[in-house]
Amino acid sequence: MLIGSFVAYMFDALEILLMSFTLPVIRADLGLTTTQGGLLATATLLGIGVSSVTVG
């Protein structure tokens, strides 16, 4: 149980890390403003929060 929980937490942390690295490239590629990029990051974090509660 502990190992499974750690792996799930690790994947959530990896998703946040990847988003922080790729957000500038995504913004440039899609032509998003700073506000729209922030909303994209917020939607990602809300998705992580909702999935953590529902799956956990």
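Is Thr44 buried or exposed? Thr44 counts as buried, because its relative accessibility is 18% and the cut-off for buried is under 20%. Keep in mind that this is a predicted model.

**The two helices**

Let's start with the overall layout. Helix H1 takes in residues 2-30, and helix H2 covers residues 34-55. Their axes come within 11 Å and cross at roughly 165°. That angle makes H1 roughly antiparallel to H2, since anything over 145 degrees falls in that class. As for handedness, H1 passes H2 in a right-handed crossing.

**Who is covered and who isn't**

Thr44 sits in H2, while Met19, Leu17 and Val25 bring us over to H1. Met19 is a buried residue, with a relative accessibility of 15%. Leu17 is partly exposed at 41%, because that value lies between the 20% and 50% limits. Val25, also a resident of H1, is exposed, with a relative accessible area of 57%. Then there's Gly31, which you'll find in the loop between H1 and H2. Gly31 is exposed too, its relative accessible area being 54%.

**A nonpolar patch on the surface**

Leu17 has another role in this picture: it belongs to a nonpolar surface patch of about 920 Å². The other members are Ile3, Phe6, Val7, Met10, Phe11, Leu14, Leu18 and Phe21. Val7 from that patch turns up again below, paired with Met19.

**Some distances to check**

Here are a few C-alpha pairs you can look up in the model.

| Pair | Separation along the chain | C-alpha to C-alpha distance |
|---|---|---|
| Val25 and Ala41 | 16 residues | 13 Å |
| Thr44 and Leu30 | 14 residues | 17 Å |
| Met19 and Val7 | 12 residues | 18 Å |
| Gly31 and Gly4 | 27 residues | 39 Å |

Take Val25 and Ala41 as one example: 16 residues separate them in the chain, and their C-alpha atoms are 13 Å apart. For Gly31, the loop residue, the partner listed is Gly4, at 39 Å and 27 residues away. Buried Thr44 is paired with Leu30, with 17 Å between their C-alpha atoms. Met19, buried as well, has its C-alpha 18 Å from that of Val7.

Conventions. Residues are numbered from 1 along each chain as its sequence is written. This is a predicted model: local features need pLDDT of at least 70, side-chain atom pairs count only at pLDDT 80 or more; totals for chains, interfaces and linings use all residues. Side-chain values use heavy atoms; hydrogens and water are left out. Patches are made of residues with over 30% relative accessible area and no salt bridge: like charges are joined within 9 Å, nonpolar side chains (Val, Leu, Ile, Met, Phe, Trp, Tyr) within 5 Å. Accessible areas come from the Shrake-Rupley method with a 1.4 Å probe; for residues, only the protein chains shown count as cover. A salt bridge is a side-chain nitrogen of Lys or Arg within 4 Å of a carboxyl oxygen of Asp or Glu. Helices (H or I, at least four residues) and strands (E, at least two) are DSSP runs, numbered from the N terminus. Buried means under 20% relative accessible area, exposed over 50%, partly exposed in between (1.4 Å probe, protein chains only). Axes are lines fitted to C-alpha atoms, for helices over the stretch in contact, and angles run from 0 to 180 degrees between N-to-C directions. Angles under 35 degrees count as roughly parallel, over 145 as roughly antiparallel, 65 to 115 as roughly perpendicular and the rest as oblique. A crossing is left-handed if the near helix is turned anticlockwise from the far one by less than a right angle, and right-handed if clockwise.
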